[in-house]
2 protein chains.
Amino acid sequence: MNMRILAALAALTLPFPLIAQQSPAHDPAALQQKALGDNTAYGIVEDLTTEIGPRLAGTEREAAARAWAVTRLKAMGFANVRIEPFDMKTWVRGIETAEVTGPYSGKMHISALGNSASTGEKGLEAEVVYFRTLADLGAAPAGSLKGKIAFVSHKMTKTQNGASYGQFGGVRRIGPSLASEKGAAAIIIRSVGTDYHRNPHTGGTSFGEKGVPIPAAALSIPDAENLERMIARASKKGEAVRMKLVLTPRQIGTTQSGNVIAEVPGSDPAAGMILIGGHLDSWDLGTGAIDDGAGVAISAAAAKMIMDAGTPKRTIRVVWWGAEEVGIFGGRAYAEKHGAAGHALAMESDFGADRIWQVDFRLPEGTDDLQTRIANALAPLGVGRGRDVAGGGPDHGPIVALGVNAIDLQQDGTDYFDLHHTPDDTLDKIDPKAMQQNVAAWVTVLGIVANDPADLLPKAKVAE
Amino acid sequence: MNMRILAALAALTLPFPLIAQQSPAHDPAALQQKALGDNTAYGIVEDLTTEIGPRLAGTEREAAARAWAVTRLKAMGFANVRIEPFDMKTWVRGIETAEVTGPYSGKMHISALGNSASTGEKGLEAEVVYFRTLADLGAAPAGSLKGKIAFVSHKMTKTQNGASYGQFGGVRRIGPSLASEKGAAAIIIRSVGTDYHRNPHTGGTSFGEKGVPIPAAALSIPDAENLERMIARASKKGEAVRMKLVLTPRQIGTTQSGNVIAEVPGSDPAAGMILIGGHLDSWDLGTGAIDDGAGVAISAAAAKMIMDAGTPKRTIRVVWWGAEEVGIFGGRAYAEKHGAAGHALAMESDFGADRIWQVDFRLPEGTDDLQTRIANALAPLGVGRGRDVAGGGPDHGPIVALGVNAIDLQQDGTDYFDLHHTPDDTLDKIDPKAMQQNVAAWVTVLGIVANDPADLLPKAKVAE
């Protein structure tokens with residue numbers, strides 16, 4: 001409250017450009033200091049993971065999370081809290097077991113991939129055909145996998161910026177449809193992950209419009225490596241390893257999902273709003289702590305801190321997105337409904353809860369000074385300026401594609417794929433201190449951009 | 001072979017005491033150098049975990065492991081390879097699921113404890129009553145748990161020597177029988193472990209001769225902490241958390257287990273044999289890599305290295321014990337059959353595969369020089385001399401109790417309880433370099449004691 005009075009007084013006595021650039025109410029150093037001692041974000045993710053838990057897109061649990069979110073965002077004091085619903089086709093998990101039946105034995109830890117077909121309750125027993133890489137699977141002759149289980153065992157490596165997910169995630173995204181084309185009865189992959197625990201990494205796959213879905217699942221990494229050893233030993237004896245899979249997921253048809261929206265109204269609606277958030281849905285194996293309870297918590301805690309410090313020039317719109325994991329359905333529905341108009345900037349937190357180490361921009365020409373001020377203000381938090389073009393986060397992809405600006409506060413992803421899409425995505429994996437550093441970085445950027453005089457409204461796009 | 005000839009020549013030309021103390025064939029420095037470049041031990045545990053996998057005591061898988069072991073030990077060149085069978089009562093795991101049914105929701109990762117009763121396939125739904133410690137459970141009034149699920153959430157801490165397992169393991173060993181006495185319908189415990197993964201730690205419990213078995217299971221640590229948060233929130237609202245458990249383990253009656261024995265015959269049978277080994281059975285959730293594939297591998301690889309270097313004075317008897325996990329049945333059967341007579345020393349490896357950091361002794365008076373020589377020979381491997389009295393390992397407890405000497409090569413247990421009795425006990429957790437250091441320490445001690453002139457035979461015990 002004192003801060004607001006100070007801001008009002010300052011507005012009366014100082015020349016406009018200086019106010020705009022250094023809003024006393026949203027002074028980066030003061031906001032950072034406050035954020036580094038504030039546990040609002042951790043409280044949000046603690047409550048969400050405890051009171052709601054897993055919240056698969058399109059299910060009753062995601063609906064429960066939306067209802068919880070509306071109550072929570074209203075209690076935090078945000079304006080215009082509401083749900084924007086949309087319809088989606090929904091897939092749910094069933095039984096999932098895997099067992100080596102010969103020449104060795106053993107149960108393996110497995111989880112179906114999103115959109116996997118079912119083996120039926122009686123399961124499927126077949127010979128396993130090993131491919132070291134996705135490219136090797138691609139090179140298999142048509143029809144050569146008929147009646148067999150394809151096994152692809154690409155090994156992912158750790159990277160700070162998560163870049164290896166692009167390459168190695170292909171096994172999960174494309175592998176199943178490739179195996180289906182070649183006649184495989186099913187496909188199992190080494191989990192797309194970097195840990196060594198008996199936790200399979202689930203995630204979405206797609207068979208396209210015309211493809212024939214087959215059972216598709218991920219083995220935990222210790223299981224995948226054990227299977228490789230079994231195959232190597234069996235092949236020396238001229239034998240093939242056989243497995244029995246029981247996977248009974250199913251498509252349950254059209255259900256409802258939705259985006260939960262809340263706002264910090266700005267003093268100058270014409271300046272365009274800042275769109276921030278994370279996704280509320282999660283995969284069903286963990287409790288969705290780092291993916292993406294952390295993101296909804298960091299973005300909302302930062303917006304609340306701005307709101308509590310004083311009215312910003314620009315409106316901040318917080319969106320807790322629905323149905324990100326299964327195809328960015330929330331982001332697509334939003335872009336279709338709202339378009340780019342009136343959006344000055346998009347920022348999302350969806351890469352865990354580790355410290356932010358880099359900032360990247362996608363801002364119009366003539367904003368060099370703004371970018372330098374942001375980078376300088378972030379430096380005390382250990383954040384360096386990167387050379388990538390910001391993407392704005394997965395849920396903002398659709399409106400960034402329509403011309404909206406973006407800033408990415410890059411989280412350290414070195415250990416992110418130890419936990420990503422596994423049962424291990426639970427609250428205990430979040431370091432409260434790292435989360436405070438995230439909020440401090442977010443509030444820094446919001447405090448500057450929300451009050452900046454630059455014209456950040458998207459220009460009408462020329463048809464390409 | 002050259003080493004043997006050298007040893008024989010040396011025996012002809014050097015005075016006896018010096019030979020005995022510094023057997024050239026078993027020179028510690030030379031053996032250590034060889035061990036630090038040898039992968040025999042890793043190969044054994046790799047083969048065992050890949051070709052056999054989990055091998056629960058009394059089951060067909062443990063029998064398969066014994067058959068595998070006989071073949072393997074013969075192929076390594078050991079003499080007198082044989083199985084000494086014994087009968088045991090056998091418990092096997094069934095279905096195991098746990099779900100919070102109110103006022104929150106969520107599936108939890110759970111595993112039954114050995115000797116747990118069944119809930120029946122339809123399961124058991126009841127109110128959860130929380131106890132912070134085992135002592136708190138002990139203080140609950142008789143009958144106060146009737147129809148309820150007791151939940152004890154003791155937190156274990158990491159220690160290098162594993163001492164905390166004595167204290168905190170009590171929750172698993174005694175908790176279920178205490179809860180049964182007080183009328184509980186079932187008991188769930190926070191896993192006795194130090195990790196933060198969704199892996200329950202199983203392990204044996206006992207209801208005694210007269211106790212009534214109840215369903216008893218361990219939650220993974222992230223699940224236990226989430227349940228604690230749920231209980232705290234619900235109790236603020238005056239509500240109780242309810243859970244549904246489905247646990248269908250069963251006692252399958254009397255089956256056969258056995259100890260697998262192999263020997264390096266010594267030149268002086270009257271000097272008494274050195275009994276070494278690890279246990280061949282494992283819990284059924286992992287593949288038994290660190291518990292205790294590592295131990296059978298380290299002990300046998302060290303014995304083979306002694307055998308290959310030349311005939312020792314004392315016979316080395318390698319035992320791969322059966323049914324350790326469920327009550328040290330193999331060690332008890334051996335002590336009953338063989339007694340203490342003729343055993344100069346017992347040493348077991350059963351605390352993982354991390355580096356050895358300490359040596360402890362239980363040797364007769366007058367062996368100070370021997371102990372000093374052993375400690376000095378181990379020092380180059382980073383092994384310090386401890387002040388504990390050696391126990392000889394769990395399987396050797398019964399004969400050590402009859403008066404047999406013991407030396408403990410203590411492995412670093414700091415991270416052991418991250419993996420102990422979980423699905424995560426898999427080959428990838430073993431560092432081949434640390435395993436070589438283990439073998440180097442073992443071969444050092446064996447090389448010295450197997451050739452030492454000291455009288456190490458057990459004295460006839462006076463009835464106490």
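What follows is a chat about a predicted model with chains A and B, covering their contact, the domains of chain A and some backbone details.

Q: Hi! Before we dig in, what kind of model is this?
A: Hello! This one is a predicted model.

Q: Good to know. How many residues does each chain bring to the contact?
A: Chain A brings 27 residues and chain B brings 27 residues.

Q: And how much area do chain A and chain B bury between them?
A: About 2300 Å², with 46% of it on carbon and sulfur atoms. On the chain A side, the residues that lose the most area to chain B are A:Thr50, A:Arg198 and A:Arg233, which together make up 25% of what that side buries.

Q: I'm curious about charges. How many salt bridges are there between chain A and chain B?
A: The count is six salt bridges. One of them pairs A:Arg233 with B:Glu51, where the closest N and O atoms are 2.8 Å apart. As you may recall, A:Arg233 is also among the three residues of chain A that lose the most area to chain B.

Q: Nice. How many residue pairs are in polar contact there, counting those with both at pLDDT 80 or more?
A: There are 20 such residue pairs between chain A and chain B.

Q: Which helices of chain A supply at least two residues of the side that touches chain B?
A: Helix 4 (40-52) and helix 10 (221-236) each do so. Helix 4 of chain A gives the largest share of that side, six residues.

Q: How do the residues on that side divide into nonpolar, polar and charged?
A: For the side of chain A that touches chain B, you get eight nonpolar, nine polar and ten charged residues.

Q: Let's talk symmetry. What rotation superposes chain A on chain B?
A: A rotation of 180°, with 0.0 Å of shift along its axis, and the RMSD is 0.0 Å. The two copies are therefore related as by a two-fold rotation axis.

Q: Which C-alpha of chain A is nearest the axis?
A: That of A:His197, which is 4.0 Å from the axis. Both copies also use the same surface, since 100% of the contact residues of chain A recur in chain B.

Q: Switching topic: which domains does the assignment give for chain A?
A: It gives domain 1, made of 24-91 + 254-463, and domain 2, made of 95-248. Their C-alpha centres lie 34 Å apart.

Q: How many residues are in contact between the two domains of chain A?
A: On the domain 1 side there are 18 residues, in contact with 24 residues of domain 2. The area buried between these two domains of chain A is about 1700 Å², and carbon and sulfur atoms give 56% of that.

Q: Which three residues supply more than any other three of the area that domain 1 buries against domain 2?
A: In chain A, those are A:Trp91, A:Phe417 and A:Asp418, with 36% of what domain 1 buries there.

Q: And how many salt bridges between those domains?
A: Two salt bridges. For a pair to look up, A:Lys158 forms a salt bridge with A:Asp415, with the closest N and O atoms 2.9 Å apart. The interface of domain 1 and domain 2 of chain A also has eleven residue pairs in polar contact, both at pLDDT 80 or more.

Q: Where does the largest share of the domain 1 side come from?
A: Helix 15 of chain A, residues 416-419, gives three residues to the side that touches domain 2. Overall, that side of domain 1 in chain A has eight nonpolar, six polar and four charged residues.

Q: How many salt bridges does the structure hold over all chains?
A: There are 46. A:Arg242 and A:Glu125 meet in a salt bridge at 3.8 Å, N to O. This pair links strand 9 (residues 242-247) of chain A, home of A:Arg242, with strand 5 (residues 124-131), home of A:Glu125, 117 residues apart.

Q: Last topic, the backbone. Which residues does a cis peptide bond join?
A: In chain A, A:Asp291 and A:Asp292 are joined by one, with omega about 10°. A:Asp292 lies in helix 11 (residues 289-309) of chain A. In chain B, the peptide bond from B:Gly102 to B:Pro103 is cis too, with omega near -5°. B:Pro103 is in the loop between strand 2 (96-102) and strand 3 (106-108) of chain B.

Q: And what is the phi of A:Asn115?
A: About 85°, a positive value although A:Asn115 is not a glycine. A:Asn115 lies in the loop between strand 4 (110-112) and strand 5 of chain A. As background, most residues other than glycine have a negative phi, and most peptide bonds are trans.

Methods:
Residues are numbered from 1 along each chain as its sequence is written. Chains are lettered from A and ligands numbered from 1 in the order in which they are written. This is a predicted model: local features need pLDDT of at least 70, side-chain atom pairs count only at pLDDT 80 or more; totals for chains, interfaces and linings use all residues. Side-chain values use heavy atoms; hydrogens and water are left out. Contact means heavy atoms within 4.5 Å. Buried area is the accessible area (1.4 Å probe) that two parts lose on being put together, summed over both. A salt bridge is a side-chain nitrogen of Lys or Arg within 4 Å of a carboxyl oxygen of Asp or Glu. A polar contact is a pair of N or O atoms within 3.5 Å; within protein, one must be able to donate a hydrogen and the other to accept it, and residues adjacent in sequence count only if both atoms are side-chain atoms. Helices (H or I, at least four residues) and strands (E, at least two) are DSSP runs, numbered from the N terminus. Ala, Val, Leu, Ile, Met, Phe, Trp, Tyr, Cys and Pro count as nonpolar, Asp, Glu, Lys and Arg as charged, and the others, Gly among them, as polar. Copies are superposed by least squares on the C-alpha atoms of residues with pLDDT of at least 70 in both. Domain bounds come from an automatic or database domain assignment.
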